[in-house]
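Reader: I would like a close look at one part of this model, namely the empty space in and around the protein. Please take me through the pockets and the cavities in turn, with the terms defined as they come up.

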Amino acid sequence: MRIIDELPRLGPRPVDANKGTFGRVLVVAGSRGMSGAAVLCASAALRGGAGLVKVAVPQGIWPLVAAANQCYLTAALPGDGEGRLGKEALPALLELLKGETATVLGPGLGQNPDLPDVLAEILRADAAPLILDADGLNALAKRLDVLKGNKRPLVLTPHPGEFARLTGASIPEIQTHRQESAVHFAEQHNVVVVLKGHGTVVTDGDRVYVNATGNPGMATGGTGDVLAGLIGALVGQGLEPFAAAQLGVYLHGLAGDLARDTLGEPSLVASDLLDYLPEAFRQHAQARP
């Protein structure tokens, strides 16, 4: 186990760049009552520097998501009777995956009983990096077998409760052995784990980074959706998954600290992170290596 302290950096943008230069990120998110998760995640991918972001949501919430931000593309997929994505959406979803640089799946999807099998089909479909968050992780917990032999780069972003479902351990056990638990799972399944919480742990089973940015004001709904979108954007710009996760959690926490310094902790909400991400990027770019 190697402890990593140095943060990765994005290189300067070429003067002849176009939107294709910085990645195509697909966000699969949202359901009835949780349209905000899709908006936050896709907006964070934009703020994270992705060249082109498309957010795929159930048809029922498509008007809400499409109207929330003019800068991403949208795709309306068939939903089930409760406004969630299920097997009905799979053919269209597999078509959307073609040509994407990175995919983020899970924020606010809900728990359609078919979602674990949909996830299994997606993992078999292509080899582009995939960031799994929230209900994507809940689906994975029911089909851990799909990780056997998987060659696709995977970043998992669980909070302790989701990691407990993935591992079968209790939350107190995980919190007592955060680094060891994350390293063991990442090594066993050949994935990058981002175990969220105070001192977020990022590991690929060999390298370990423990994040020092962030504050209790970020303990509010939607901040994890922002993190998932941000990591997706960094992967889309060419950072390998561990580096993208490492830089993502650092910038995410720094944006939260900048927001706290202006707004205070009690009033901080997830959308504030979107407003402070540009300054977080600027400060990191100007800091000495």
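Author: What follows goes from the open pockets to the closed cavities, with a stop at one residue along the way.

This is a predicted model, in which local features need a pLDDT of at least 70 and side-chain atom pairs count only at pLDDT 80 or more, while totals for chains, interfaces and linings use all residues. Residues are numbered from 1 along each chain as its sequence is written, and side-chain values use heavy atoms, with hydrogens and water left out.

Rolling a probe the size of a water molecule over the atoms shows where empty space is left. Here the search runs on a 1 Å grid over the protein atoms alone: a cavity is a set of points where a 1.4 Å probe fits but cannot get out, a pocket is an open set with protein on both sides within 12 Å along at least five of seven lines, and a lining residue has an atom within 4 Å of a point. Points are joined across faces, edges and corners, and a volume is the space filled by probe spheres set on those points.

The largest pocket holds about 600 Å³ of space. Its lining is made up of 28 residues, and those nearest its centre are Lys196, Gly197, Thr200, Met218 and His252. Helices and strands are numbered from the N terminus as DSSP runs, a helix being H or I over at least four residues and a strand E over at least two. In these terms, helix H6 (160-167), H9 and H10 each supply at least two residues of the lining of the largest pocket, and H9 gives the most, with four residues. By character, the lining of the largest pocket divides into eight nonpolar, 16 polar and four charged residues, where Ala, Val, Leu, Ile, Met, Phe, Trp, Tyr, Cys and Pro count as nonpolar, Asp, Glu, Lys and Arg as charged, and the others, Gly among them, as polar.

The second largest pocket encloses about 310 Å³. Of the 15 residues that line the second largest pocket, Leu10, Gly11, Pro12, Arg13 and Gln237 are the closest to its centre. Helix H11 (residues 270-286) contributes the largest share of this lining, three residues, and the lining as a whole comprises seven nonpolar, six polar and two charged residues.

Gln237 deserves a closer look. Glutamine 237 sits in the loop between helix H9 (223-236) and helix H10 (241-263), and H9 and H10 are also among the elements that help to line the largest pocket. Glutamine 237 counts as buried because its relative accessible area is 19%, buried being under 20%, exposed over 50% and partly exposed in between, for a 1.4 Å probe and protein chains only. Not counting residues up to four places away in sequence, glutamine 237 touches Leu10, Arg13, Phe22, Gly48, Gly49 and Ala50, a contact being heavy atoms within 4.5 Å. With arginine 13 there is also a polar contact of 3.1 Å between the two side chains; such a contact is a pair of N or O atoms within 3.5 Å, and within protein one must be able to donate a hydrogen and the other to accept it, while residues adjacent in sequence count only if both atoms are side-chain atoms.

Turning to the closed spaces, the count comes to three cavities of 30 Å³ or more. The largest cavity has a volume of about 60 Å³, and its lining consists of Val28, Leu85, Gly86, Ala89, Leu93, Leu105, Leu109, Leu115, Val118, Leu119 and Ile122. Helix H4 (residues 115-125) gives the largest share of the lining of the largest cavity, four residues. This lining divides into 10 nonpolar residues, one polar and no charged.

The second largest cavity has a volume of about 40 Å³, and the residues that line it are Gly110, Gln111, Asn112, Leu115, Pro116, Asp135, Asn138, Ala139 and Lys142. H4 and H5 are the elements that give two or more residues to the lining of the second largest cavity, and H5 accounts for the largest share, three residues. The lining of the second largest cavity is made up of three nonpolar, four polar and two charged residues. Leu115 appears in the linings of both the largest and the second largest cavity, and H4 supplies lining residues to the largest cavity as well as to the second largest.
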